[in-house]
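Reader: I'm new to this one and I'd like to talk about its aromatic rings. Can you show me the model before we start?

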Amino acid sequence: MQYKQRHTKTSRDIVTIEDLTNDEIMKIFSLADIFLETMGTGNEGTSRRIRGVTPWAKGFILATLFYEPSTRTRFSFESAMQRLGGSVVTAADPSTTSVTKGETIADTVRVLESYADAIVLRHPFEGAARVAADYTDIPVVNAGDGGHEHPTQTLCDLYTLQKKNKTLAGLNVLLYGDLKNGRTIHSLIYALARFGACIIAVPGTPGLELPTHVHTRLREEYGCDLSTSKNTADLPMKQVDVVYVTPTKPHQLALLDTEELKIEISLPKIDIFYVTRPQRERDHDTAFQNYPSVDRNFLSNNRFRDASVLHPLPRVDELSYEIDEDRRGIYFQQAAYGVPVRMALLAALLHLDEARDFAITKQPEENSERQVYSAEQGLKCDNSRCITHHPNESAYLTPTFTYRTPQSLRCVYCEHELQPAFIGNSTTRKYTSCLSKRIKSKHLVCFSNEQQARDRGFELYKTQRSESEKVLT
Ligand code: NCD
């Protein structure tokens, strides 16, 4: 079976960073450059902001729907739309909408499409933006869905890196902080891998390492080499492991010095130091202790001498105010770039006449049609923060998965991986424990436990019966 959105959309959604090709990202940056050149204050290398208004988006309306707090993302999207000459309708506080009456995302966006030309959505559950995109014809932009992704923050991050370094390929980028729950980290790490940067992932404290499904994906889909090292002699957080992520795809390898493949022995000179805050609101299991703050002392090592310090903000204690005065701290410029970058994205998504040459049109094929397993009964995503577990949304959502390997699934909403405990063959009506047998995907039925299989009339494969009976008695 193929996964199709509920209906074929003519517009494009930006739910994950995968929804944009590298060429499209570069196109957006070229348009952002035009906005900066024509409407920007200051010169290259100085602090630059957008001023004034163009009439490009006159008559267009953007809806901003934020179910979680936001300062930069919402204000910069709204500012971007207004500077494009369009207008904004907003629900910064969802308690003022029918959400408090139990209205679902699917219904909300189907109503909003009559009132606006695009929707920007932030939600605490992972996969919420995918649901919104599936239920409306107008473009949906994910402004952060739980700990999953935040693709437009990545556009701002990459744009800042590119302005500073002229290239993304071969940069040594240290990602520091809450790598487990930080959605900005997840979108950024995939993009950096795609553009051929070398990534050093350093959790702020043990327990905040990159999630397994992100690791798997970096290795399997982005052709990254991942090596772990306890050699943190150069870092103030000696108790944590460091993960080195180096792209190994041939076209990316060409951009790398062979020496870089040996970086597990010593930390390279860092070009970018990307700091993130502890996401306490998303994680009640981790003790956020000993999360060292990045300050002048921290950055005094020679390796960080020319590193630019970025942060998606807001900061809590993990980035000292000292760095505001340091030439390396460029996070306020990074936040300011949010306006030209989001102006460019909106102009490209809305196919504004003046942005004709930059329009983002067809949906990349792999996103509109994916091999799927739709779990009508039984199987559920095991990520409790997935939108399919939301009390209101679960009433109409069918847990749906793409095949990662024939018998390993990925949730289409939150992208967590799932290894079903038991699998069955829909033709023979037999089931077995997952690892022991291969079943073609068109006959595959997955179960979380044996009871589910038996409830649906499946019988255990004969060869396994005795073993299972032992277990069951
Ligand atoms: C981030 C977010 O909301 O994910 N902020 C942002 O959008 N600029 C980072 C965070 O909240 O830590």
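Author: Sure, and one term before we look: a residue is buried under 20% relative accessible area, exposed over 50%, and partly exposed in between. Keep in mind that this is a predicted model.

Reader: Then why is tyrosine 396 called partly exposed?

Author: Its relative accessible area is 24%, and partly exposed covers what lies between 20% and 50%, so tyrosine 396 gets that label.

Reader: And what makes tyrosine 135 buried?

Author: Tyrosine 135 has a relative accessible area of 12%. Buried means under 20%, so tyrosine 135 counts as buried.

Reader: How many aromatic pairs does a search of the whole structure find?

Author: The search turns up 14 aromatic pairs. One of them joins tyrosine 135 and tyrosine 396, with ring centres 5.5 Å apart and planes at 90°. Centres within 6.5 Å make a pair and planes over 60 degrees apart make it edge-to-face, so this pair is edge-to-face.

Reader: What does the pair of tyrosine 135 and tyrosine 396 tie together?

Author: Tyrosine 135 sits in the loop between helix 4 (128–134) and strand 5 (140–145), and tyrosine 396 in the loop between strand 12 (370–374) and strand 13 (400–405), so the pair ties together parts that are 261 residues apart in sequence.

Reader: Why is the pair of phenylalanine 422 and tyrosine 431 called edge-to-face?

Author: Those planes are 75° apart and the centres 6.0 Å; edge-to-face needs over 60 degrees, with centres within 6.5 Å, so the name fits. Phenylalanine 422 and tyrosine 431 are both buried.

Key: Residues are numbered from 1 along each chain as its sequence is written. This is a predicted model: local features need pLDDT of at least 70, side-chain atom pairs count only at pLDDT 80 or more; totals for chains, interfaces and linings use all residues. Side-chain values use heavy atoms; hydrogens and water are left out. Rings of Phe, Tyr and Trp (its six-membered ring) pair if their centres lie within 6.5 Å; planes under 30 degrees apart count as stacked, over 60 as edge-to-face and the rest as tilted. Helices (H or I, at least four residues) and strands (E, at least two) are DSSP runs, numbered from the N terminus. Buried means under 20% relative accessible area, exposed over 50%, partly exposed in between (1.4 Å probe, protein chains only).
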